Amino acid sequence: RAYPRFVDIVEFLSERISEDEAAARTLLNDRTVSKSGEWYEQRLLLECEAKRRLIGVVEAARQSALAAMVSDSLQETHWAPRSLDWMERSLQALALPYHDHPDFEQGWLRP
């Protein structure tokens, strides 16, 4: 299935990270994996956690920017669209390693 930009890129990333994590756990349970392979798999698990945390930070910032844009307050929100663009670019950068996945959107490749 194809994912629309930005909102569902989080779902796309979450699914890929879960797949990476499952693969790392499977390999860690393989007794034939070398010490260097074990180190790599442990590192992959930590990278999965780091990506999840970063996605959480970006999503919290996104929600704050969207809330500011739709609030009834008189605060200036000229910063919000630009911030939303940077958030989208951050998520796209996280999606880059999955460029060969069938659900990857080519529009996510923009610099």
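# A walk through a three-helix chain

Read from one end of the sequence to the other, the protein chain runs α-α-α. That makes three helices and zero strands. What you have in front of you is a predicted model, so it helps to keep the confidence values in view as we go.

Let's begin with the overall form. The radius of gyration of the protein chain is 17 Å, well over the 13 Å that the globule rule gives for 111 residues, so the chain is more spread out than a compact globule. The C-alpha trace tells you how that extent is distributed: along its principal axes it spans about 60 × 25 × 20 Å.

How much of the protein chain counts as buried? The share is 32% of the 111 residues. The accessible surface of the protein chain amounts to about 7,300 Å², and carbon and sulfur atoms account for 58% of that area. As for contacts, take the ones between residues at least 6 apart in sequence: 62% of these join residues at least 24 apart. Charge is worth a glance too. The protein chain carries 14 positive and 19 negative charges, and their mean positions lie 4 Å apart.

Now, which parts of the model carry which confidence? The protein chain has a mean pLDDT of 85, with 90% of its residues reaching 70 or more. Confidence is highest in helix α1 (residues 9–28), at a mean of 92, and lowest in helix α3 (residues 79–95), at 87. Residues 1–7 call for some care on your part, for pLDDT stays under 50 there. Even so, the model gives this stretch 27 contacts beyond four places in sequence.

With that background, we can visit a few residues, starting in helix α1. A22 belongs to this helix. Because its relative accessible area is 42%, A22 is partly exposed. Look across from A22 to L45, and you will find the two C-alpha atoms 8.9 Å apart in space, although the residues are 23 apart in sequence.

L28 is another residue of helix α1. L28 has a relative accessibility of 23%, so it counts as partly exposed. Which residues does L28 touch, leaving out those up to four places away in sequence? They are E38, E41, Q42 and L45. For one of these, E41, the C-alpha atom sits 6.5 Å from that of L28, with the two positions 13 residues apart in sequence numbering. L45 thus appears twice on our route, as a contact of L28 and as the partner in the A22 distance.

Moving on to helix α2 (residues 35–70), we meet E49. E49 is partly exposed, because its relative accessible area is 33%. If you trace from E49 back to E11, you cover 38 residues along the chain, while the C-alpha atoms are separated by 15 Å.

The last stop is W79, which is placed in helix α3. At a relative accessible area of 36%, W79 is partly exposed. What is W79 in contact with, once neighbours within four places in sequence are left aside? The answer is A65 and A68. You can also compare W79 with S64, a residue 15 places away along the chain: the C-alpha atoms of this pair are separated by 12 Å.

To pull the walk together, you have a chain of three helices without strands, more spread out than a compact globule, with a mean pLDDT of 85 and a stretch at residues 1–7 where pLDDT stays under 50.

Key. Residues numbered from 1 in each chain as written. Predicted model: local features only at pLDDT ≥ 70, side-chain atom pairs only at ≥ 80, totals over all residues. Heavy atoms only, no water. Helix = DSSP H or I, 4+ residues; strand = E, 2+ residues; numbered from the N terminus. Rg over C-alpha atoms; globule rule 2.2 N^0.38 Å. Buried < 20%, exposed > 50% of the residue type's maximum accessible area, 1.4 Å probe, protein only. Contact = heavy atoms within 4.5 Å. Areas by Shrake-Rupley, 256 points an atom, 1.4 Å probe, with all protein chains shown as cover. Lys, Arg positive; Asp, Glu negative; His and termini not counted. Charge placed at Lys NZ, Arg CZ, Asp CG, Glu CD. pLDDT = per-residue confidence, 0-100.
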